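Biologist: Could we go through this model one question at a time, with each answer showing its reasoning?

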Amino acid sequence: MGRRGLRFGFQIWAGHALSGVLIATILFIPLSNGESNPENAWAADGTAVMLRRCPVCDLDSIIGHGRRRKQAHDERHDWIEIRRGICNCCGTTFTFLPAFSLPYTHYSLLARSQALRLYFVDRCSLESAAPTVMDPCRVADPSTLRRWFRSLDCSQPSFSFLRQTLAAVAQCLARGEIIRHGALRLSWSTLALFLQLLWPLRL
Ligand SMILES: [Zn+2]
């Protein structure tokens with residue numbers, strides 16, 4: 001399973017069998033009106049959505065191919081329903097995920113955003129920086145938070161780069177600056193998604 005790059009709204013982790021045949025692709029559902037309030041946008045229409053356009057064939061050839069559930073814990077979600085599709089031209093199968101729920105993860109990027117803010121900006125301990133979750137049995141433990149932060153920053157001393165970046169973000173937001181990446185606007189809620197998208201670009 002390899003990551004082929006990530007563009008907001010329409011990309012893609014793809015798996016290839018040894019033969020080179022495309023076996024599974026994940027597409028992210030673009031946020032429709034999520035610029036000012038991404039949490040509401042996701043709650044309203046971010047799950048169980050399917051796209052019709054096949055990125056391989058460039059045709060509206062994807063049809064429904066079942067549904068399944070995925071964990072995406074945060075304040076307003078626990079398990080979400082997601083759809084699968086198959087292209088009736090090329091046979092590629094697709095899984096459609098909301099932009100705030102990465103593949104193979106159990107917590108949404110809203111939850112990770114909250115943890116980033118609590119730990120790096122509000123200076124909470126790892127124990128008290130656990131994000132608010134609907135399911136009280138799924139409170140993230142400190143090792144989970146450390147793993148999230150480490151996936152963004154392995155600098156020494158620990159997280160020094162991330163700490164510096166979040167201080168700059170806090171200043172920008174306090175000044176009311178508007179920072180966008182495509183349709184996405186940087187806010188405390190979209191922070192983790194933003195970093196996920198832009199992090200590979202850091203020098
Ligand atoms: Zn196709």
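Biologist: Is R123 buried or exposed?

Modeller: This is a predicted model, in which local features need pLDDT of at least 70, side-chain atom pairs count only at pLDDT 80 or more, and totals for chains, interfaces and linings use all residues. Residues are numbered from 1 along each chain as its sequence is written, while side-chain values use heavy atoms and leave out hydrogens and water. Buried means a relative accessible area under 20%, exposed over 50%, and partly exposed in between, with a 1.4 Å probe and protein chains only. Because the relative accessible area of R123 is 62%, this residue is exposed.

Biologist: In which loop is R123 found, and what is its phi?

Modeller: R123 is found in the loop between α2 and α3, where helices (H or I, at least four residues) and strands (E, at least two) are DSSP runs numbered from the N terminus. R123 is a residue other than glycine, yet its phi is positive, near 60°.

Biologist: F159 also has a positive phi, near 60°, without being glycine, but is F159 buried or exposed?

Modeller: The place of F159 is in the loop between α3 and α4. Because its relative accessibility is 7%, F159 counts as buried.

Biologist: Which peptide bond is cis, with omega near -10°?

Modeller: We can look in the loop between α3 and α4 (160–174), where P157 has its place. The cis bond leads into this proline, running from Q156 to P157.

Biologist: How much space lies in the second largest cavity?

Modeller: Rolling a probe the size of a water molecule over the atoms shows where empty space is left. On a 1 Å grid over the protein atoms alone, a cavity is a set of points where a 1.4 Å probe fits but cannot get out, and lining residues have an atom within 4 Å of a point. Grid points are joined across faces, edges and corners, and a volume is the space filled by probe spheres set on the points. There are two cavities of 30 Å³ or more, and the space in the second largest is about 50 Å³.

Biologist: Which helices each supply at least two residues of that cavity's lining?

Modeller: The lining residues are L109, R112, L116, W148, S151, L152, A192 and Q196. Five of them are nonpolar (Ala, Val, Leu, Ile, Met, Phe, Trp, Tyr, Cys, Pro), one is charged (Asp, Glu, Lys, Arg) and two are polar (the others, Gly among them). The helices that each supply at least two are α2 (109–121), α3 (142–152) and α5 (191–198).

Key. On a 1 Å grid over the protein atoms alone, a cavity is a set of points where a 1.4 Å probe fits but cannot get out, and a pocket is an open set with protein on both sides within 12 Å along at least five of seven lines; lining residues have an atom within 4 Å of a point.
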